[in-house]
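User: Got a model open here and I want a quick tour. Can you walk me through it?

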Amino acid sequence: MKIFSLFLFMTVGFFTGTKHYYKKEVMSTLELERMNTRISEIKNMISIDPKYNTKIAFFVDMRIPSGKNRFFVYDLVNNKILDQGLVAHGSGSETGVKGSLRFSNTPNSNCTALGRYVIENCYKGGFGKSYKLNGLDETNNNALKRAIVLHYYSAVPYEEQDYYISNSHGCPMVNEQFFKRIEKIIDNSKSKIILDVYY
């Protein structure tokens, strides 16, 4: 039932009265199952800790190819995807096998690390405005030490591609146009937003 509900929400229009950016009309059953599992876990986590945003969370499904939208802005109250975009993974996560990635929390690995992150304060760095990410799990608790941040980069395309996009040094790196939309959500949030990266 959960899967059906999510599918229904994703095939109808969102942002009533406002332009929306959600483009993907159909997710595979496996993508839906993975997302449903993560949504349930995040909802359980934030229900017991008031410092987290209970309305919005970000999800990144690393099983989806990098040329396809796999960064999702999710409305936890109304159970629907509000926005989505492309996001790069770390160059160290490449295995040489198409569609297969590896993940690591090790400094200098240039890998993406899976797990739940808290989006922390922004700062201006080499890529412009960026948000520090604090890893909450054993699989990503070196994020601050590794300088893993949410940032934009000009090499990340805006539209979906039939090929893989450029890699990062382990950071979730997005298109600038998409970044500007999620930046508004982060900056207007009075509580910390969770970013969940899963595979």
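Analyst: Here is a short run through the fold, the pocket, the cores and one loop residue. Keep in mind that the model is predicted.

User: How many helices and strands are in the protein?

Analyst: The protein has four helices and nine strands. Starting at the N terminus, the order is α-α-β-β-β-β-β-β-α-β-β-α-β.

User: And what percentage of the residues is buried?

Analyst: Of the 199 residues, 49% are buried. As for contacts between residues at least 6 apart in sequence, 57% join residues at least 24 apart.

User: Pocket next. How much space lies in the largest one?

Analyst: About 170 Å³. The lining has 14 residues, and Phe 127, His 151, His 169, Cys 171 and Met 173 lie nearest the centre. Strand S5 (115-125) and strand S7 (149-152) are the elements that give two or more residues to that lining.

User: How does the lining split by class?

Analyst: Seven residues are nonpolar and seven are polar. None is charged.

User: Now the largest nonpolar core. Which residues have the most contacts inside it?

Analyst: Phe 58, Phe 71, Ile 119, Leu 150 and Leu 195, in a core of 27 residues. Elements giving two or more residues to this core include strand S1 (56-61), strand S2 (71-75), strand S6 (128-135) and strand S9 (194-198). Helix H4 (176-188) is also among them, and H4 gives the largest share, four residues.

User: What is Leu 150 in contact with, leaving aside neighbours within four places?

Analyst: Ten partners would be a long read, so here is a selection: they include Phe 71, Ile 119, Tyr 131, Leu 133, Phe 179, Ile 182 and Ile 186. Ser 130 and Pro 172 are in contact with Leu 150 too.

User: Which residues does the second core include?

Analyst: Ile 42, Tyr 52, Ile 81 and Ile 194 are among the 18 residues of that separate core.

User: Switching topic. Where is Asn 105?

Analyst: In the loop between strand S4 (87-88) and S5.

User: Why does Asn 105 count as buried?

Analyst: Because its relative accessibility is 14%, and the cut-off for buried is under 20%.

User: What does Asn 105 touch further along the sequence?

Analyst: Setting aside residues up to four places away, Asn 105 touches Ala 113, Ala 143 and Arg 146, and also Glu 138, Thr 139, Asn 140, Asn 141 and Asn 142. Asn 105 and Asn 140 are 35 residues apart in sequence, but their C-alpha atoms are 5.2 Å apart.

User: Which polar contact joins the side chains of Asn 105 and Asn 141?

Analyst: One of 2.8 Å. In addition, a polar side-chain atom of Asn 105 lies 3.1 Å from the backbone oxygen of Glu 138.

How values were computed:
Residues are numbered from 1 along each chain as its sequence is written. This is a predicted model: local features need pLDDT of at least 70, side-chain atom pairs count only at pLDDT 80 or more; totals for chains, interfaces and linings use all residues. Side-chain values use heavy atoms; hydrogens and water are left out. On a 1 Å grid over the protein atoms alone, a cavity is a set of points where a 1.4 Å probe fits but cannot get out, and a pocket is an open set with protein on both sides within 12 Å along at least five of seven lines; lining residues have an atom within 4 Å of a point. Grid points are joined across faces, edges and corners, and a volume is the space filled by probe spheres set on the points. Ala, Val, Leu, Ile, Met, Phe, Trp, Tyr, Cys and Pro count as nonpolar, Asp, Glu, Lys and Arg as charged, and the others, Gly among them, as polar. A nonpolar core is a set of buried Ala, Val, Leu, Ile, Met, Phe, Trp, Tyr and Cys residues joined through side-chain atoms within 4.5 Å. Buried means under 20% relative accessible area, exposed over 50%, partly exposed in between (1.4 Å probe, protein chains only). Contact means heavy atoms within 4.5 Å. A polar contact is a pair of N or O atoms within 3.5 Å; within protein, one must be able to donate a hydrogen and the other to accept it, and residues adjacent in sequence count only if both atoms are side-chain atoms.
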